Amino acid sequence: MQAKMDDLDRLLEAQGFDLQIIHLKKQLAELPQPARIADARSKRQALQKKADQVAALRKDAERRLTRIADEDASLEKKQNGVQAAIDSAQGDYRNVEARTKELAGIARRRETLEAERAEADAELAKIAALHQQVCAALDEIDRLEAHAIQEYQQQGGALKKSEADLIAKRDALLDKVDAEVVEAYRKTAERLGSIALGVLEEDRCGVCRSVIDGGRLIDLKNQAPLGVCPSCKRLLIIKS
Ligand SMILES: [Zn+2]
């Protein structure tokens, strides 16, 4: 292919930048933070579910306590009424006996309710502890995620900045190279995803190291200063 030696030197230099760019992209793709962020988010979802369950448990326990308190308040009222009836019965023996029994029944029920209240209180305390645990775990997840995001912005941002600098340098070089040569380089680089350009070293490709035998070597040299390695299909600079 027709090309000026100056252009080919620039192209080689531009390839140096391209290789650094590939390396940076790889580093960016290998940063551990995106996986950490995704992990934190899925853990948060699970914890949020747990928090919802705990909230439902708390609501149940609170409802139970309200029911107990309501029943107890109404029993207390009843108790006072019966006591007042006893006080005003004034020696009506049968009436007093029946009322006294009723009073004892109310007292027993209130005792049962008191035990239930203690049980529900203890349950509520357990639920509160669980709630605190879930909240602490959520806080920790938030902290980890925020840290990973901040780190990613710093490290990823620095890599992207370096990449942009390299791209600018490479493009400034390529601007000075013949468009047809740049196009051939770009297509080859795209197809191979790695080094696209090498130098013929005596009878070997400088990249894949294949020995190029007699007839093909003559063909290649006829393409000077820019040919194609018959083995790896990379562009080869042929210096005379
Ligand atoms: Zn080769």
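## Close-up views of a predicted model

**View 1. The lining of the largest pocket in this predicted model.** By class, the residues that line the largest pocket are 6 nonpolar, 3 polar and 5 charged, where Ala, Val, Leu, Ile, Met, Phe, Trp, Tyr, Cys and Pro count as nonpolar, Asp, Glu, Lys and Arg as charged, and the others, Gly among them, as polar. The lining has 14 residues, and those nearest the pocket centre are Asp18, Ile22, Arg170, Ala189 and Glu190. Helix H1 (5–29), helix H3 (93–174) and helix H4 (179–192) are the elements that give two or more residues to this lining, and H1 gives the most, with 6 residues. The space in the largest pocket is about 280 Å³, a volume being the space filled by probe spheres set on grid points that are joined across faces, edges and corners. A pocket here is an open set of points on a 1 Å grid over the protein atoms alone, where a 1.4 Å probe fits and protein lies on both sides within 12 Å along at least five of seven lines; lining residues have an atom within 4 Å of a point. Helices are DSSP runs of H or I with at least four residues, strands are runs of E with at least two, and both are numbered from the N terminus.

The model is predicted, and local features need pLDDT of at least 70, side-chain atom pairs count only at pLDDT 80 or more, and totals for chains, interfaces and linings use all residues. Residues are numbered from 1 along each chain as its sequence is written, and side-chain values use heavy atoms, with hydrogens and water left out.

**View 2. The zinc site and its four cysteine donors.** The protein donors of the zinc ion are the SG atoms of Cys205, Cys208, Cys229 and Cys232, which lie 2.2 to 2.3 Å from the ion; donors are N, O and S atoms within 2.8 Å of the metal (3.2 Å for Na, K and Ca), and because water is not among the atoms, sites may look incomplete. The 4 donor atoms make angles of 103 to 115°, and the site is tetrahedral, a term used for four donors if all angles lie between 85 and 135 degrees. Along the sequence, the donor residues are spaced C-x2-C-x20-C-x2-C. Distant parts of the chain are linked by Cys208, in the loop between S2 and helix H5 (214–222), and Cys229, in the loop between strand S3 (226–228) and S4, which are 21 residues apart. Cys229 is buried, with a relative accessible area of 0%, whereas Cys208 counts as partly exposed at 27%; buried means under 20% relative accessible area, exposed over 50% and partly exposed in between, for a 1.4 Å probe and protein chains only.

**View 3. The open, mixed sheet around strand S1.** The sheet is formed by 4 strands in the order S2-S1-S4-S3, and its edge strands are S2 and S3, each of which pairs on one side only. Two strands pair if DSSP finds at least two bridges between them. Strand S1 (residues 197–201) is joined by 3 bridges to strand S4 (residues 235–237), and these two run parallel, with Val199 opposite Ile237. On S1 and strand S2 (residues 204–205), which run antiparallel, there are 2 bridges, and Leu200 stands opposite Cys205. Because 4 of the 5 residues of S1 are buried, this strand is largely enclosed by the rest of the structure.

**View 4. Backbone features in the loops beside the strands.** Glu202 lies in the loop between S1 and S2, where these strands form a hairpin with 2 residues between them. Although Glu202 is not a glycine, it has a positive phi of about 55°, and at 71% relative accessibility it counts as exposed. Arg209, in the loop between S2 and H5, is another residue other than glycine with a positive phi, near 65°, and it is partly exposed at 40%. In the loop between H5 and S3 lies Pro225, and the peptide bond that leads to it from Ala224 is cis, with omega near 10°.

**View 5. Asp52 and His131.** Asp52 belongs to helix H2 (residues 33–89) and is exposed, with a relative accessible area of 53%. Its C-alpha atom is separated by 9.6 Å from that of His131, the two residues being 79 residues apart along the chain.

Key. Four donors count as tetrahedral if all angles lie between 85 and 135 degrees; four count as square planar and six as octahedral if opposite donors are over 155 degrees apart and all others between 65 and 115; anything else is irregular.
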